[in-house]
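Biologist: Before I plan anything at the bench, I would like to go through this model with you, beginning with how its helices pack and then turning to its pockets.

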Amino acid sequence: MTIPQSKQNEKRIFSGIQPTGNLHLGNYLGAIKNWVKLQEDFSSIFSIVDLHAITVPQEPLQLRASIHEVTAAIIASGIDINKSILFNQSSVKEHSELAWIFNCVCRIGWLNRMTQFKEKAGKNRENATVGLYSYPVLMAADILLYKATHVPVGDDQKQHIELARDIASSFNNMFTLDNENNFFSLPEPQIFGPATRVMSLRDGTKKMSKSDPSDASRINLTDTKEEISSKIKKAKTDPNPLPETVDELKKRPEAFNLLNIYSSLSNQTLDKTVENFVGKGFSHFKPKLIELAVENLNPISSEMRYLLKDTKAIDKILKTGEIKARQIAEPVLQDVKSLVGLIN
Ligand code: TYM
């Protein structure tokens, strides 16, 4: 992905991650690894989105611990708090206020289309919380509160960003007085790299997810060398040697997933990976993948363990981030309120 030099100053990145359960390889390759690259060139804001986490039941002590863990994981993966703003969502109250205003812009019909709500609510939709239903509205508020132009995420968040664009555009139509200068620009999703959708190690047709009951389906950022090795050894595959082309590989979901993971971890294209392993069996490929995964993930998990020894220091980092985030968020919310006709 290349962004022309002349455009770079106009860009602002926002992205978030939920503090629920263990972060896994999908979160790392689909999102955080890209954030680390983008922070070098763009003004970047990253948030631990705790208000999103409470849309499904959470154990309070566990939630608090997860906020620390996810913060540690993001820093250990390479987010530099001197370059990027890193903060906890609920500490900037403007997120909730803007979300309410957007609740009054967003249409029920738009939310009814959200596939992630359907998946998460499952069959018992009547029993899902209103928070889970309007979750994408809060997500739009997260992004637009900073007038972010680009949102680096994994493939599963694309529909939510499209909704944020619809909300921004509708707000502009309803409240921007001058058509030439829309209040919000429409945020672009940034979905790039070979691992935009990392799949379960047990089923190549299912997304790798924190909520999968089988821990063997995912590689957690906190997994030991032995756990990584055993999960990859047991990962589902097929009996055939690796093919010559990406098109043939795509017909084999588990093989496709593992080669995509390899490509992303080694920073090479999928074509190159296919070329490297053509004709080889999984008994040859898996040890190479284990070696690469351990080499990439071990430094992250040891740095995480080190950071988590001092949770007060993590709180301080989040506090600094909160102050910086507020400086951007407050005036944007004030402008929104004036446009809507509310008294500040
Ligand atoms: P969350 O916490 O589920 O996931 C965090 C990031 O990880 C990506 N991701 C994956 N990428 C590739 N393969 C996978 N298997 C995989 N699983 C997760 C997600 O796409 C995401 O980028 N709604 C968001 C959090 C959020 C947000 C925002 C994101 C709240 N506000 C504003 C961007 C902007 C979520 O639940 O992500």
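Modeller: This is a predicted model, and a good place to begin is helix 4 and helix 14, which are roughly parallel to each other.

Biologist: Why do helix 4 and helix 14 count as roughly parallel or roughly antiparallel, whichever applies?

Modeller: Helix 4 (residues 94–103) and helix 14 (residues 311–340) pack with their axes 10 Å apart and at an angle of about 25°. Angles under 35 degrees count as roughly parallel, and the pair is therefore described as roughly parallel.

Biologist: Is the crossing of helix 4 and helix 14 left-handed or right-handed, and which residues of helix 4 make the contact?

Modeller: The crossing of the two helices is left-handed. On the side of helix 14 the contact is made by R326, A329, E330, L333, V336, K337 and V340, and on the side of helix 4 by E94, E97, L98 and I101.

Biologist: Which element gives the largest share of the lining of the largest pocket?

Modeller: The largest pocket has a volume of about 1,100 Å³, and of its 43 lining residues the closest to the centre are Q116, K120, D156, Q157 and K207. Among the elements that give two or more residues to this lining are strand 1 (12–17) and helix 1 (25–38), but the largest share, five residues, comes from helix 7.

Biologist: How many charged residues are in the lining of the second largest pocket?

Modeller: The second largest pocket has a volume of about 210 Å³, and T55, G131, S134, Y135 and L138 are the closest to its centre of the 14 residues that line it. By class, this lining divides into eight nonpolar residues, six polar and no charged.

Methods:
Residues numbered from 1 in each chain as written. Predicted model: local features only at pLDDT ≥ 70, side-chain atom pairs only at ≥ 80, totals over all residues. Heavy atoms only, no water. Axes fitted to C-alpha atoms, helices over the stretch in contact; angles between N-to-C directions. Helix = DSSP H or I, 4+ residues; strand = E, 2+ residues; numbered from the N terminus. Parallel < 35°, antiparallel > 145°, perpendicular 65-115°, else oblique. Left-handed = near helix turned anticlockwise from the far one by under 90°. Contact = heavy atoms within 4.5 Å. 1 Å grid on protein atoms, 1.4 Å probe; cavity = no way out; pocket = protein on both sides within 12 Å on 5 of 7 lines; lining within 4 Å. Points joined across faces, edges and corners; volume = space filled by probe spheres on them. Nonpolar A, V, L, I, M, F, W, Y, C, P; charged D, E, K, R; others polar.
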